[in-house]
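Here are my notes on the model you sent. Keep the viewer open and check each point as you read.

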Amino acid sequence: MTPSTNRLATRVATRLAFLAAGFGMGCWSPLIPYAKIRLGVGDAEIGLLLLCLGIGSILAMPITGLLSSRMGSRAIIVASGVGLAAMLPILALAESLSLMAPALLVFGASLGSLDVAMNVHAVKVESDSDKPLMSGFHALFSIGGFAGSGGLTFLLSMGVSPFPAAVSGGVVTLAAVLLAWPGLLRTRQTRGGGSFALPRGIVLLLSVLVAAAFLTEGAILDWGALVVTESGLVSVSQGGLGYMLFSIAMTAGRLSGDWIVARAGNFRVLVWGGAVTVLGFVILLVAPIAAAAMVGFLLIGLGSSNIVPVLFSQAGRQTAMPAGLAIAALTTTGYAGILAGPAVIGFVAHAIGLKEAFWMLAGLMSLISIFAKRAAR
C-alpha cells in the first residue's frame, strides 16, 4: 500500500476505536433500570455500583498511560475493546451485587484503558498528519454513544430481553474493534518509556482545564434539567430537552472541529470556545423564557465541543512528560471531573443554590480563555 493509503487506513481504524468506545459505553445506560429491578436495590445501591465503574476506569488509566508509553497503544486498544464487549452480556445477567460490582469494575477498567490508549494513538496519528484530526475522532465517540444508547433502547422497547440486547451491543462493539485492529499503528510511542508520574508543568495546567470542561459536561447531564424545571421555564416532562440540544451542538461542533482548528488555530479555538461556553451559561441562567434557555444549552455545547480535543492534542505535543503519561493524566482528571463534579455541584447547590453553583461553572470555564495562550503554546 502507498503511504497515503496507509494513513487513510490508520485514520479509519482510529475512528473505529473511538466509535467502539462510545458505543460500548452507550449500551450500558439503557441496561441500568433493568439491573436495578433484577438486583432489587434502591438508588443508593445503584449509586455505589456506578461508582465501581468509575473506580475501575480511574485505576486503569495511569497504568494504561505507562504501558502505552512503553509498548504502544495498539495491543491495549484491542484488549480493552474486547473486554468492554465481553462484559456487556455479564452486566445484563448479573443477579447479585457480588457479581455486578466486580463486573462493573472490569467494564470501567476496560473503558478507561480504551479511552487512554485510543487518545494516545490519536495523538500519534494526528502528529503524522498535515491537518488537525482530534475533533473528528472525538465526534465518533459521541456518535457511538448515541448509537449504542439508541440502539439498545430500540431493542428493549421492541420487547427484546436485556441479555440478547446486550449481546447484540457487545457484538457491534467487538466488530468495530476487530475491524480497527489491522489499521492500528504497530510502532511504539516515540517519546520513550518513563514511569508513572503525577502531572507536572504544562500537563498540570492542561489537566486542570480538562477537568473543568468535563465537570461542565457532567453538570449539564446531571443538573441541567433541574436548572430549567426548577426555574419554571419548562415542565418536568421537557426537562431533558436542554441536554439533548447540548449533545447535538457538541457533536456538530466536533464534526466541524478539525476544519475550524485548521483555520483558526488552537489558541483561538480555546479563547472563543471558552468565551462562547461562558456566554451560554449567562444566557441559560438569566433566561426569562424557555427558548432563551435552550439557546444557552446550544451555546454551551458548541463552545465546549472542541476544547477537550485541542487540550488532548496539546498534551501529545508537550515535552514535559511522555505523551502516554500526559494523556493518562488528562483522561484521569477528566473522569474525576465527571464523577466527582456533579456531587460537588450538589453540595454547593444545597449550600447556596443551584443557579449559584452554575455561575461557579461559568467562572471555571472562563479559565479556558484566560489560560488559552499558555495552554496552546
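1. Is Phe371 buried, partly exposed or exposed? This is a predicted model, so read every value here as computed from predicted atoms. Phe371 has a relative accessible area of 36%. Buried needs under 20% and exposed needs over 50%, so Phe371 is partly exposed.

2. Now place Phe371 in the chain. The residue sits in the loop between α14 (354-370) and α15 (372-375). Then look for Leu209. Phe371 and Leu209 are 162 residues apart in sequence. In space, their C-alpha atoms are 8.7 Å apart.

3. Turn to helix α5, residues 97-127. This helix has 31 residues. From the first C-alpha to the last, α5 reaches 44 Å. The expected value, at 1.5 Å a residue, is 45 Å, and the helix comes close to it.

4. How many of the residues of α5 are buried? The count is 23 of the 31. The helix is therefore largely enclosed by the rest of the structure.

5. Next, the charged pairs. Side chains of opposite charge can pair when their charged atoms come close. This structure holds two salt bridges. Take them one at a time.

6. One salt bridge joins the side chains of Asp128 and Lys124, at 3.6 Å from N to O. Lys124 lies in helix α5. The two partners fall in separate accessibility classes: Lys124 is buried, at 18% relative accessibility, whereas Asp128 is partly exposed, at 42%. Note that the value for Lys124 is 18% and that the cut-off for buried is under 20%.

7. The other salt bridge joins the side chains of Glu126 and Arg317, at 3.9 Å from N to O. This pair links distant parts of the chain. Glu126 belongs to helix α5, and Arg317 belongs to helix α12 (residues 307-317). The partners are 191 residues apart. Glu126 is buried, at 8% relative accessibility. Arg317 is partly exposed, at 45%.

8. Stay with Arg317 for a moment. How far apart are Lys124 and Arg317 in space, C-alpha to C-alpha? The distance is 9.5 Å, with their positions 193 residues apart in sequence.

9. Now the cysteines. The number of disulfides is zero. Cys27 is buried, with 0% relative accessibility. Cys52 also counts as buried, with a relative accessible area of 17%.

10. Look inside for empty space. There is one cavity of 30 Å³ or more. The largest cavity has a volume of about 40 Å³. Its lining is made of Ala213, Glu217, Phe246, Met250, Arg254, Ser304 and Val308.

11. Which helices supply that lining? Both α8 (202-230) and α9 (241-255) give at least two residues to the lining of the largest cavity. The biggest contribution is from α9, with three residues. By class, the lining holds four nonpolar, one polar and two charged residues.

12. Move on to the second largest pocket. Its volume is about 200 Å³. The lining has 13 residues. Nearest the centre of this pocket lie Ile260, Val269, Gly273, Leu302 and Asn306. Two elements, α10 (257-286) and α11 (290-304), each give two or more residues to the lining. The largest share comes from α10, with seven residues. By class, the lining of the second largest pocket splits into seven nonpolar, five polar and one charged.

13. Last, helix α11 itself. With 15 residues at 1.5 Å a residue, α11 should span 21 Å. Its end C-alpha atoms are 21 Å apart, which agrees. Which residues of α11 are buried? They are Ala293, Met294, Gly296, Phe297, Ile300, Gly301, Gly303 and Ser304. Find Ser304 again in the lining of the largest cavity. When you look along the helix, keep one rule in mind. An α-helix has 3.6 residues a turn, so residues three or four places apart point the same way.

Notes. Residues are numbered from 1 along each chain as its sequence is written. This is a predicted model: local features need pLDDT of at least 70, side-chain atom pairs count only at pLDDT 80 or more; totals for chains, interfaces and linings use all residues. Side-chain values use heavy atoms; hydrogens and water are left out. Helices (H or I, at least four residues) and strands (E, at least two) are DSSP runs, numbered from the N terminus. The expected span of a helix is 1.5 Å times one less than its number of residues. Buried means under 20% relative accessible area, exposed over 50%, partly exposed in between (1.4 Å probe, protein chains only). A disulfide is a pair of cysteine sulfur atoms within 2.5 Å. On a 1 Å grid over the protein atoms alone, a cavity is a set of points where a 1.4 Å probe fits but cannot get out, and a pocket is an open set with protein on both sides within 12 Å along at least five of seven lines; lining residues have an atom within 4 Å of a point. Grid points are joined across faces, edges and corners, and a volume is the space filled by probe spheres set on the points. Ala, Val, Leu, Ile, Met, Phe, Trp, Tyr, Cys and Pro count as nonpolar, Asp, Glu, Lys and Arg as charged, and the others, Gly among them, as polar. A salt bridge is a side-chain nitrogen of Lys or Arg within 4 Å of a carboxyl oxygen of Asp or Glu.
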